[in-house]
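I am opening a fresh page for this model and will write down each thing as I look it up. The plan is to go through enclosed space, open space, nonpolar packing and then the backbone.

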Amino acid sequence: MDYTKIPSPCYVVDEKALRRNLELIQSVKERSGAEIILALKANTTWGIFPIIREYIPYATASSVNEARLAFEQMGTLTHTYAPAYTEREFPEYLRYSSHITFNSLTQAERFLPAVGAYPRKISCGIRINPEFSEVKTDLYNPAAPGSRLGVPASKLGGRLPEEIEGLHFHTLCESSSFDLEKTLAVVEEKFGPLLRQAKWLNMGGGHLMTRRGYDTEHLIGLVRSFQRKYPHLQLILEPGSAFTWQTGDLVSTVQDLVDNHGIRTAMLDVSFACHMPDCLEMPYKPAILGATDAVPGKPTYRMGGNSCLAGDYMGDWSFDRELKVGDRIVFQDMIHYTLVKTTTFNGVHHPSIGLWTADNRFLMIRKFTFEDYRSKLS
């Protein structure tokens with residue numbers, strides 16, 4: 001990408017990188033026999049849905065808004081799961097869903113009559129909690145003790161509830177196929193009788209098959225082996241990050257340089273708190289194009305966000321030369337779990353969204369204005 005042709009601040013998707021990911025995901029789908037669907041919670045930039053649809057035409061939603069977005073912008077009914085459905089919203093879920101998964105037995109009991117009365121067939125499932133996960137960060141671990149997500153085996157017994165056709169687990173987060181293998185062993189041990197009664201098994205998200213070093217051959221073999229054990233099951237994977245992993249950047253610009261007791265901070269026109277919240281939540285330190293971790297003797301800076309939150313900064317990065325006002329700072333791999341989590345805290349201006357096309361042109365998808373900020377509030 002030619003970053004001089006990209007306005008700042010701006011999220012920009014690299015079409016070539018996106019298509020590489022999609023080609024790999026499509027290949028895994030075809031070779032494994034599993035259905036692979038896009039988890040909108042990782043990226044809902046619907047301007048790139050036409051590209052995604054060329055490879056994977058289905059989606060999974062965790063809210064009415066996601067389900068409607070998939071229906072209107074992707075042209076598909078969704079596999080839907082929400083931690084808690086409401087009486088007010090449930091009719092909309094019915095309209096936009098092909099599958100609905102319930103988080104609890106009480107939610108299933110409450111809403112199954114409405115599903116049964118709906119004129120179109122909707123397949124229902126229950127989310128199970130195998131009480132096992134390799135995820136180390138508690139914030140992202142749905143199998144932690146006391147979790148509110150999913151039904152443990154001890155509460156289900158040996159038979160599926162009436163009108164429940166599927167099982168759904170989601171215990172991975174940017175995980176490997178070997179983590180999935182361990183999880184499947186626990187699921188079989190705890191829910192084996194239910195697997196033999198179900199029509200489908202949704203293995204959730206977190207399958208980071210587009211990450212360098214991910215063993216896709218092992219994943220394909222694992223899914224095919226599991227399918228041979230349970231030939232009656234439709235197997236479903238719903239990765240999110242894998243679709244847009246390392247497919248684009250957040251372009252920003254140095255607006256000021258602040259020195260406080262020898263700590264130098266490059267003040268930017270973007271915010272970690274507003275535009276890269278996972279960096280502070282997880283936390284993790286993003287890669288910057290042309291920079292490294294701190295190296296003694298090299299020009300080294302913190303990056304400062306442009307909100308007034310005291311903790312809206314990260315550090316430290318070293319560069320080959322001193323930074324100056326006007327320099328571009330390009331945060332890499334900023335397309336998944338960024339735009340879906342951005343906020344308008346402080347009224348900080350939201351970065352634009354663009355596409356760097358396969359024929360090396362910048363295409364503006366969306367610019368944000370004061371009206372966007374105002375319309376969120378009242």
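**Entry 1, the cavity.** I began with the lining of the largest cavity, which is made up of Thr60, His79, Thr80, Tyr81, His99, Thr101, His168, Trp200, Asn202 and Glu238. I note at once that this is a predicted model, so what I write here is computed from predicted coordinates. Looking up which elements give two or more residues to this lining, I found β5 (78-81), β6 (97-102) and β9 (200-202), and of the elements it is β5 that provides the largest share, with 3 residues. Sorted by class, the lining holds 2 nonpolar, 7 polar and 1 charged residues. The space inside the largest cavity comes to about 30 Å³, and the count of cavities of 30 Å³ or more is 1.

**Entry 2, the second largest pocket.** I then turned to open space and looked up the second largest pocket, for which I noted a volume of about 740 Å³. Its lining has 24 residues, and those closest to the centre of the pocket are Thr342, His350, Ile353, Arg366 and Phe368. Both β18 (362-366) and α11 (370-376) supply at least two residues of this lining, and α11 gives the most, with 5 residues. By class I recorded 10 nonpolar, 11 polar and 3 charged residues for the lining of this pocket.

**Entry 3, the nonpolar cores.** Which residues have the most contacts inside the largest nonpolar core? I found Phe102, Leu201, Met303 and Phe331 in that role, within a core of 92 residues. Helix α6 (residues 177-197) provides the largest share of this core, 6 residues. I also looked up a second core, separate from that one, which has 7 residues, among them Tyr3, Ile6, Val330 and Trp356.

To see the surroundings of one of these residues, I listed the contacts of Phe331, leaving out residues up to four places away in sequence. Phe331 touches Asp249, Leu250, Ser252, Leu268, Val270, Phe272 and Met276, and also Pro286, Ala287, Ile288 and Met303. Met303 thus appears in my notes both as a contact of Phe331 and among the residues with the most contacts inside the largest core.

**Entry 4, cis peptide bonds.** Before going through the backbone, I remind myself that most peptide bonds are trans and that most residues other than glycine have a negative phi. I looked up the bond from Ser8 to Pro9 and found it cis, with omega near 0 degrees; Pro9 is placed in the segment before β1 (10-14). The bond from Met282 to Pro283 is also cis, with omega near -20 degrees, and Pro283 lies in the loop between α10 (277-281) and β13 (292-293).

**Entry 5, positive phi.** Where does Glu174 sit? I found Glu174 in the loop between β8 (166-168) and α6, and although Glu174 is not a glycine, its phi is positive, at about 50 degrees. With a relative accessible area of 28%, Glu174 is partly exposed. Asn346 is not a glycine either, yet has a positive phi of about 70 degrees, and its place is the loop between β16 (328-332) and β17 (352-356). Is Asn346 buried or partly exposed? At 43% relative accessibility, I recorded Asn346 as partly exposed.

Conventions
Residues are numbered from 1 along each chain as its sequence is written. This is a predicted model: local features need pLDDT of at least 70, side-chain atom pairs count only at pLDDT 80 or more; totals for chains, interfaces and linings use all residues. Side-chain values use heavy atoms; hydrogens and water are left out. On a 1 Å grid over the protein atoms alone, a cavity is a set of points where a 1.4 Å probe fits but cannot get out, and a pocket is an open set with protein on both sides within 12 Å along at least five of seven lines; lining residues have an atom within 4 Å of a point. Grid points are joined across faces, edges and corners, and a volume is the space filled by probe spheres set on the points. Ala, Val, Leu, Ile, Met, Phe, Trp, Tyr, Cys and Pro count as nonpolar, Asp, Glu, Lys and Arg as charged, and the others, Gly among them, as polar. A nonpolar core is a set of buried Ala, Val, Leu, Ile, Met, Phe, Trp, Tyr and Cys residues joined through side-chain atoms within 4.5 Å. Buried means under 20% relative accessible area, exposed over 50%, partly exposed in between (1.4 Å probe, protein chains only). Contact means heavy atoms within 4.5 Å.
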